Amino acid sequence: MIVAVDHVQLSAPPGSEDLLRPFYVDALGMTEIPEPPALVGRGGCWFQAGGAQLHLGTEQGFRPSAKAHPGLRVTDVEALAARLEAHGAQVTWSDDLPGHRRFHTHDPVGNRLEFLQPRTTAAGPVAGRADI
């Protein structure tokens with residue numbers, strides 16, 4: 001049975017690792033983690049924050065998806081949006097998901113990313129999606 005998402009794999013153009021690292025480490029505050037020895041040399045880079053991992057693998061003929069994206073739950077969506085904007089990323093807010101404050105942005109190679117935080121009331125979090 002499925003109990004959690006272990007990681008999300010995104011694609012990137014070959015040779016883009018040095019472009020991606022500042023975004024994922026400096027702007028998002030993730031930590032780069034080593035790839036398993038058997039996978040080193042294939043290109044790409046892996047990042048982690050809390051229990052979430054994003055693996056970026058290189059792909060010839062890379063083209064970012066217009067819609068597909070990971071949705072990452074955060075604890076301070078406003079602060080993260082400000083941090084990304086300070087690093088030059090464009091933030092697009094959306095109120096389309098009831099019970100959540102969320103925005104989308106793109107990494108330097110065009111991968112779409114969603115960040116969301118459940119809205120809270122005096123009684124606690126608003127009922128909504130349990131997934132991330």
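**Exercise 1.** How much area does the protein chain expose, and what share of it do carbon and sulfur atoms supply?

*Solution.* Keep in mind that this is a predicted model. The exposed area comes to about 7,900 Å². Carbon and sulfur atoms supply 55% of that area. Turning to the residues, 37% of the 132 count as buried.

**Exercise 2.** Find the order of elements along the protein chain.

*Solution.* Start with the inventory: there are 2 helices and 10 strands. Then walk from the N terminus, and you will read β-α-β-β-β-β-α-β-β-β-β-β.

**Exercise 3.** Work out how the open sheet of 4 strands is arranged, and which strands stand at its edges.

*Solution.* First, read the strand order, 5-8-7-6, with mixed pairing. Next, look at the ends: strand 5 (71-73) and strand 6 (92-94) each have a single partner strand, so one side of each lacks a neighbour in the sheet. On average, neighbouring strands are turned by 25° against each other, direction ignored. Now move to strand 7 (residues 100-106), which pairs with strand 8 in the antiparallel sense over 7 bridges. In this region, Arg 101 stands opposite Gln 117 of strand 8. Finally, add helix 2, which packs on the sheet and touches strand 6, strand 7 and strand 8. The direction of helix 2 makes about 20° with that of strand 7.

**Exercise 4.** Which residues touch the most other members of the largest nonpolar core?

*Solution.* Among its 25 residues, the answer is Phe 23, Tyr 24, Leu 28, Leu 84, Phe 103 and Phe 115. Elements giving two or more residues to this core include helix 1 (17-27), helix 2 (77-86) and strand 8 (112-118). Now zoom in on Phe 103: its contacts include Leu 80, Leu 84, Trp 93 and Phe 115.

Notes:
Residues numbered from 1 in each chain as written. Predicted model: local features only at pLDDT ≥ 70, side-chain atom pairs only at ≥ 80, totals over all residues. Heavy atoms only, no water. Core = buried A, V, L, I, M, F, W, Y, C linked by side-chain atoms within 4.5 Å. Buried < 20%, exposed > 50% of the residue type's maximum accessible area, 1.4 Å probe, protein only. Contact = heavy atoms within 4.5 Å. Pairing = 2+ DSSP bridges. Axes fitted to C-alpha atoms, helices over the stretch in contact; angles between N-to-C directions. Areas by Shrake-Rupley, 256 points an atom, 1.4 Å probe, with all protein chains shown as cover. Lists of a residue's contacts leave out its neighbours within four places in sequence.
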